[in-house]
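This report looks at salt bridges and at the contact between two chains. The structure is shown first, and the description follows.

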Amino acid sequence: MTTQAIAQLDGATIEPSGGVCLHGLVKSYRGPEGPIRAVRGIEVSIAAGETVALLGPNGAGKSTTIDMLLGLSKPDGGTVSVFGRPPREAVDAGLVGAMLQTGGLIRDLSVRELVGMMASLYPDPMDVEEALEVTGLNATGGQRTHKLSGGQTQRVRFALAIVCNPDLLVLDEPTVALDVEGRREFWSIMREFAARGKTVLFATHYLEEADSNADRAILMAHGRIVADGPTTEIKARVGRRTLRATLPDVNQSSLAGLPGVAAAERHGAVVILSCIDSDQSIRALLEQYPAAKDIEITGGSLEDAFLELTGEPDADGPDADKPQPGTR
Amino acid sequence: MNGIAYTRYELLRTFRNRRFFLFSLGFPLIFFWLIAAPQHNKVISGTGLTYATYYMVSLASFGTMMSMISTGARIAGERQAGWTRQLRISPLSVRAYFRAKVLTAYAMALSSLLLLYISGSLLGVSLSAGRWLAMTGLIMVGLLPFAALGILVGHLVNTDSVGPLMGGLVSILAFLGGAWFAITSGFLHAFGQFLPSWWLVQARNVALDGHAWGARGWITVAAWTAILAAGAAWAYRRDTARV
Ligand SMILES: Nc1ncnc2c1ncn2[C@@H]1O[C@H](COP(=O)(O)OP(=O)(O)O)[C@@H](O)[C@H]1O
Ligand SMILES: [Mg+2]
């Protein structure tokens, strides 16, 4: 697995026009206490047609990476290639559509006009009505952009990103401001669009979003890639939950043997189970030990999981920039 | 790619914006009627111009300066909303973007000018077609420094301060340029001639003998255009570097 990954990362086995290739990317910002090393040498290659989640806690360097991928900022080191071209050329050719993390809409135009304006900038855009249709905005097309709800605004921003009919769609935490319903709607629209054979890269700090919407997740922390693989694998690595319950008089080792439980601890009357599959564990627990009470399940935070994977946040060992063994 | 459609949408947005109507069109027009109407045929001593002619050009200067600098407010707002970044990941070139902004500002300025010309005519300003055109031409050229100033302000200032800055700047420039009352001698007279707004206001003298700017006028306007355009280019580059 590892050798294959390295061969890929050289670019030797990748078709030059294949997809997205980030090679040795480095970017620092000037901070009050010296440079902030936002991205510290990352290697990513995404094949055409893949849907990939860039998963990491706040400050991991996701947006900085995306800015460089889109040509919005220049890397301090390394190269970016999008379908075999520099980002600016790919953008000019209308191959790339993006929704940035922050960004509102401009006033005094209707939704239809705004999407039409964006379409007018591209060589081979999608029909405006089709873009509205795909994003479920048919009924909203005549409305002025400053009178929209949060969910509608995000859908308009999505429409703006896809109206150029891009081959690569880049989304930076697109659902952060949305409620549960808004999120569900947004992702179902996204998946439908991705199913047209598009390459999609989206940044998120929710494991669930990555799990249910991407084939592959790239884990990023402190400017580095700490794991890269199928979402199922990634989920197993970082998706542990903690189950707490008050349950005296039960043997610790029999708790550790419950389905879905990886480890068990006891602190007085309280047991703490570290679960790979907390759904399974809680069912088994209640079945076998109905006396268990004060039950609490908490998701281990991504930040914790990442810290575990990366070790010291600012470590700069010789191998620090390489992905962990066993990841691809 | 297609900057023309973009310009068209920018115009549409501008003409839908109520604040634009109020500041660039409404204010100058209301002031003109208030100041000039009561005594429109009276000649203002020392100028040879009637109240109507004098204040028609004064308020046109005010309104058109406002139009140009309001580009800055729009740019500042779009930057703040993150829209500028969204545009930068489209094929729209920086040139086409600024061309659209400047053309829109000129369209606003021309509308303001037209309304004041009509009002002026109603109050007895009567010029030959050639002189109307010459006056308009000078005002358009005199606005070049302000087109650059708009872009400079837009990339330098945030949305909170852009309003007061614009209002203050235009008021001071109009005052020192001799828009509100004729400055015919003394320090202010000597100083005013170094300002671009002075020459904008001087376009009124076309009504006297068909001429308004000597070499000094052209040089001053050209120098300010060069300085402010360089400033605008600097501010734009500095702004992108911060992304
Ligand atoms: N413009 C900037 N100036 C200084 N530091 C920045 C800037 N943008 C981001 N950073 C810093 O760089 C790091 C990575 O940020 P970012 O790429 O936004 O992460 P993410 O998108 O994963 O939350 C953070 O420590 C952040 O504080
Ligand atoms: Mg981010």
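## Salt bridges and the chain interface

A network of salt bridges links B:Glu10, B:Arg13, B:Arg74, B:Glu78 and B:Lys101. A salt bridge here is a side-chain nitrogen of Lys or Arg within 4 Å of a carboxyl oxygen of Asp or Glu. The model is predicted: local features need pLDDT of at least 70, side-chain atom pairs count only at pLDDT 80 or more, and totals for chains, interfaces and linings use all residues. Residues are numbered from 1 along each chain as its sequence is written, chains are lettered from A and ligands numbered from 1 in the order in which they are written, and side-chain values use heavy atoms, with hydrogens and water left out.

Over all chains, the search finds 16 salt bridges. Three of them are listed below.

| Pair | Closest N to O |
|---|---|
| B:Arg13 and B:Glu78 | 2.9 Å |
| A:Arg196 and A:Glu130 | 3.1 Å |
| B:Arg85 and A:Asp67 | 3.1 Å |

In the network pair of the table, B:Arg13 meets B:Glu78. B:Arg13 lies in helix α1 (residues 3-16) of chain B and B:Glu78 in helix α3 (residues 51-80) of chain B, so the pair ties together parts that are 65 residues apart in sequence. Helices (H or I, at least four residues) and strands (E, at least two) are DSSP runs, numbered from the N terminus. Both B:Arg13 and B:Glu78 are buried, where buried means under 20% relative accessible area, exposed over 50%, and partly exposed in between (1.4 Å probe, protein chains only).

Within chain A, A:Arg196 pairs with A:Glu130. A:Arg196 is in the loop between α7 (180-194) and β7 (199-204) of chain A, while A:Glu130 is in helix α5 (residues 128-134) of chain A, so the pair joins parts 66 residues apart in sequence. A:Arg196 is partly exposed at 42% relative accessibility, and A:Glu130 is partly exposed at 33%.

The interface of chain A and chain B holds two salt bridges. In one of them, B:Arg85 pairs with A:Asp67. A:Asp67 counts as buried, at 7% relative accessibility.

The contact (heavy atoms within 4.5 Å) takes 29 residues from chain A and 22 residues from chain B. Together the two chains bury about 2500 Å², 60% of it on carbon and sulfur atoms. Buried area is the accessible area (1.4 Å probe) that two parts lose on being put together, summed over both.
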